[in-house]
Every structure is written in C-alpha cells, then in structure tokens.
Amino acid sequence: MTTSSEVPLRVLGFLREAEDYVSGQQMAQRLGLSRASVWKAIDELRRRGYRIEGRAKKGYRLLGVPEGLDPLLIREGMRARVVGRRVHLAEEVDSTNSWALQRALKGAEEGEVFLADAQRAGRGRVGRSWFSPPGSNLYMSVLLRPKLPPSKVPLLGLCGATAVAEALRDLGLDPEIKWPNDVLLGGKKVCGVLAEAHTEADRVLFVVLGIGINVNMDPEQFPEELREQATSVKAELGRAVDRNALARAVLEALDGLYASLGKGDYAGVLARWKAFSRVEGREVIIEALGERIEGVVQGVDEDGALWIKTPQGSRRVLSGDLRVRRW
Ligand code: BTN
C-alpha cells in the first residue's frame, strides 16, 4: 500500500518545475527542508517508479513518472481542501468501501481517499457486484464525517455522481445522471456510486462514498451480460485518459460540492446535479424495495428524493432503480 505524503510531493513538484538539474542543497533551501529529508524523498520517489537522474556536481533531474495509479500524481497541484487530503492506494482489495470502513472505525480522518487498482469483491447498490478488473479503471472510496442530519445523506451520493459528471464534461463528453447516482454516457452506465452511512440515533457518524468509474476498459472486456448497458470513458472518447488526472478532477469537484453541503447550500448542490439529469417530465418505472412505482417525474426535493406523479397521487421515493418508460 502507498500513501501520499507531503515531502516527496513537494520534492516532485520542485523537480517538475525545474528547467535544469537542481542540487539537493537548492531543494532543501527552497523547500525549507533538511538535505537528509530531500534525499529520503528522492529515494522514495525512485522506489515508486519515478525516474530521477542524479549527477555529481549537477544535481537531480526528473526523467519520467510511473505509469499507472499514483497517490502523488493524484494529489499534485490539487486544489481540494478536505476531500483527498490523503490518498491511499492498494494494488488489490476486496472492496475499497470495506477498506475505508475499517479505517474509519480506527479513526481515519475526514477526506481520506482509499483507492485500489483492482477489487476482488467490488460492491454495487442493492446487493449487486461491481466488475473491477485491474489496470484500467477507478475504484475509490472517500471517507466523510459530515455534520448533516441523516435525511440529507442521500445528497452525498448525488454529489459523487455530480463530481464525476463534471469531470467527464470537462473532458469534452456529454454525461447524464440517472437518478439517483448513475452516470451515463450515450445512455450506457460509466459510473456507479455507493454511499454507505454509519449513523447513531439521529446522528451521522461517517459516510463512505464509493465511486467506480469504467475508465480505459475496452467494450470486449466487459462480461457479456453487461455489454449492452455499460460503457467506458475510453470507448466514448475514442482515446485512453490519464486515470490520475481524472481521479484528481473528480476529487476536486467533490470537495467543492461537499463544502457547499457543509454550508447548507442544498439548492446549489441540487442545481449542479440537475444540470445533468434528464428525467423530469418523463414517464418512468421505479423498482424500490420490491415495489414497482410507475408515473411521471415531477422533480427532486432538497433531500435528493424523487417525486413521482402516479394515478393514485404524488409519491416521494427515497431510493430505487429508475427506468425511463417513454422519452
Ligand atoms: C452501483 O451499483 O451503481 C454502485 C457501484 C459502486 C462501485 C464502487 S467501486 C469503489 C467502491 N467500492 C465498492 O466496493 N463499491 C464502490
């Protein structure tokens, strides 16, 4: 497991910006560090796959960064205040949500991110599994300790989907959010969000916000039963994207949305979510807790619940699977 830590991150930033060789002493002075900590950081960066040339009398020069996910590359230049303050990476875990949950119980801080290159037992909503092969996608869980009433917890899931949709829009794509938290490209699912809340009486202790994005997977890599309904960023964009940069963009957007929630700006968060939702006024079918509800979508309220006009009157639905019946 690797974790982002401050000193290697600062040394990396310095090496990236340097136009020529820089000496250990220059770096130590400019960064306010001891020369020993600069050496240690360079050692650590090399161990993580950064190619750093070291020349007597000249100093150091960055020749290349590792391929694949790296917490340092995700955090480099990140503007977020809370979300992503630490990023932990594992090669493979059962589920990043379970990993984050274990760490939350041991006192991990709000905003810590648990990211894995692969999951053995990725979890989806309503007991489903999440296909999680290595080397191509993003599986990450953000630990949040919101000061929100439990009724507002569904808004966190909406924030997760909105953050992903905004990051994909910035890549030039045209994402849609299907209530509550599915992100679609060209009508097919590219991202799912699983928010798991731990509450006590009427207090939220913490929430693990799990986000799975199909990034660079090729269509033929999906199991047959998913091919009709799932897609990846690469398949829609026609080129592979940098997973570290995409993770950073999602975490930055999520940080902004989370800050708005913290200020009680629920309307602001919902307005950003609504910019991607296309179901208002549509005839839909919702499967919710074994019940099938049919009607026309009236809108979403300040708790993230969906209002449906049915022949029996208006219904408020807190969670479920939505299918559009007629466009
Ligand atoms: C869905 O069913 O749409 C939600 C899928 C959520 C998948 C993500 S991947 C990262 C995190 N860890 C998990 O086990 N699940 C979530």
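1. Asp70 is buried, at 4% relative accessibility. (Buried means under 20% relative accessible area, exposed over 50%, partly exposed in between, with a 1.4 Å probe and protein chains only.) Asp70 sits in the loop between strand 3 (59-64) and helix 4 (71-75). Helices (H or I, at least four residues) and strands (E, at least two) are DSSP runs, numbered from the N terminus.

2. A note on the basis: this is a predicted model, where local features need pLDDT of at least 70, side-chain atom pairs count only at pLDDT 80 or more, and totals for chains, interfaces and linings use all residues. Residues are numbered from 1 along each chain as its sequence is written, and side-chain values use heavy atoms, with hydrogens and water left out.

3. Which partner does Asp70 meet in a salt bridge? The partner is Arg48, at 3.8 Å, N to O. The pair ties together parts that are 22 residues apart in sequence, because Arg48 lies in the loop between helix 3 (35-47) and strand 2 (51-55) and Asp70 in the loop between strand 3 and helix 4. Arg48 is also buried, at 14%. (A salt bridge is a side-chain nitrogen of Lys or Arg within 4 Å of a carboxyl oxygen of Asp or Glu.) By this rule the count is 30.

4. Asp70 has further partners. Its side chain makes a polar contact of 3.2 Å with that of Tyr50. (A polar contact is a pair of N or O atoms within 3.5 Å; within protein, one must be able to donate a hydrogen and the other to accept it, and residues adjacent in sequence count only if both atoms are side-chain atoms.) Beyond neighbours within four places in sequence, Asp70 is in contact with Arg48, Tyr50, Leu89 and Asn244. Contact means heavy atoms within 4.5 Å.

5. Glu110 is buried too, with a relative accessible area of 19%. Its place is the loop between helix 5 (96-105) and strand 5 (113-119). The side chains of Glu110 and Tyr258 make a polar contact of 2.8 Å. The C-alpha atoms of Glu110 and Leu144 are 4.8 Å apart, with their positions 34 residues apart along the chain.

6. Glu166 and Arg272 form a salt bridge at 2.8 Å, N to O. The pair links distant parts of the chain: Glu166 is in helix 6 (residues 154-170) and Arg272 in helix 9 (residues 266-274), 106 residues apart. Glu166 is buried at 8%. Arg272 is partly exposed at 30%. Elsewhere, salt bridges that share partners join Lys152, Asp301, Asp303 and Arg316 into one network.
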